[in-house]
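Open your viewer and keep the selection tool handy. We will walk through the fold a few residues at a time.

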Amino acid sequence: MPLKIRLLNAGGPGLPRLEAIAPVVSAALGLPVEVERIPLDLQRAYDRSRQQHNSTALLEQVLALAGAADEKRIAVVDVDLFIPVLSFVFGEAQLSGPAAVVSTYRLSNPLYGIPRDDAALAIRLAKEIIHELGHTLGLYHCRQFECVMRSSTYVEEIDVKGAALCAGCRSMARIGV
Ligand SMILES: [Zn+2]
Ligand SMILES: [Zn+2]
């Protein structure tokens, strides 16, 4: 069976329409993408001292969801994510695993004192979704400047990279593109 992607809307006012992002993700990976709504227990992943959500705790909830063997699922949230060794993360994925999580929180202009730009937010989110799904497809970080698998620490770095896998990453991921 060919792989499919489940793009999971975990709710929240900061989320753009995922139905508009799904075709971008589908084209970049050459895989079918389905959008659905799911409940995640955000409170259970909340760290009171950091006032952020533990991304690994949310990833475990996504892993625990029932799913087919031939799917990759990624949950989209709008809360600030962290892992203990980093002040924040845009998202987290299980390398070669079935699940990932990504947040819009650090992708939206108002956080940086710039006017809201829904188109920019949607493009950044699409790139981060493709990036985290790339990890689930077995890809590590890539040094190619344009490649979506290049590591990004700041939102400006997301803006300068492309939304596509480079030829090397494409061949390693063994997918439909
Ligand atoms: Zn990464
Ligand atoms: Zn690459």
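Start in the middle. This is a predicted model, and its largest nonpolar core has 46 residues. Select Val25, Ile74, Ala75, Val101, Ile129 and Ile130, the core residues that touch the most other members. Then color β1, α1, α2, β5, β9, α3 and α5 (167-173), each of which supplies at least two residues of this core. In soluble globular proteins, nonpolar side chains tend to be buried together.

Stay with one of those residues, Ala75, for a moment. Which residues does Ala75 touch, leaving out those up to four places away in sequence? Show Leu8, Ala10, Ile38, Leu40, Leu58, Val62 and Val101, and you have its contacts.

**Helix α1**

Next, select residues 18-29, which form helix α1. If you like a quick check, try the distance tool on its end C-alpha atoms: they are 16 Å apart, which agrees with the 16 Å that 12 residues should span at 1.5 Å a residue.

Now highlight Leu18, Ile21, Val25, Ala28 and Leu29, which are buried. Turn the view to look down the axis of α1: these buried residues fall within an arc of 80°, so they line one face of the helix. An α-helix has 3.6 residues a turn, so residues three or four places apart point the same way. Swing round to the other side of α1, where Glu19, Ala20 and Pro23 are exposed.

What covers the buried residues of α1? Show β1 (4-9), β2 (33-37), β5 (71-77) and α3 (118-136), which are among the elements that do so. Before leaving, click on Gly30, just after α1, which takes a positive phi of about 65°.

**Helix α2**

Move on to residues 55-64, helix α2, and pick out its buried residues: Ser55, Leu58, Leu59 and Val62. Looking down the axis again, you will find them within an arc of 105°, so here too they line one face of the helix. The cover over these residues includes β4 (52-54), β5, β6 (81-83), β7 (86-89), β8 (91-93) and β9 (99-103). Leu58 and Val62 may look familiar, as both touch Ala75.

**A loop to finish**

Last stop: Gln144, in the loop between α3 and α4 (155-160). Is Gln144 buried or partly exposed? With 15 other C-beta atoms within 10 Å, Gln144 is partly exposed. Leaving out residues up to four places away in sequence, Gln144 touches Arg150 and Cys166. Finally, draw a line from Gln144 to Val24: C-alpha to C-alpha they are 20 Å apart in space, and they are 120 residues apart in sequence.

Definitions and conventions. Residues are numbered from 1 along each chain as its sequence is written. Chains are lettered from A and ligands numbered from 1 in the order in which they are written. This is a predicted model: local features need pLDDT of at least 70, side-chain atom pairs count only at pLDDT 80 or more; totals for chains, interfaces and linings use all residues. Helices (H or I, at least four residues) and strands (E, at least two) are DSSP runs, numbered from the N terminus. The expected span of a helix is 1.5 Å times one less than its number of residues. A residue is buried if 20 or more other C-beta atoms lie within 10 Å of its own, exposed if 12 or fewer, and partly exposed in between; C-beta atoms are placed from the backbone. The arc is that of the directions from the helix axis to the C-beta atoms. Two residues are in contact if their C-beta atoms, placed from the backbone, lie within 7 Å. A nonpolar core is a set of buried Ala, Val, Leu, Ile, Met, Phe, Trp, Tyr and Cys residues joined through C-beta atoms within 7 Å.
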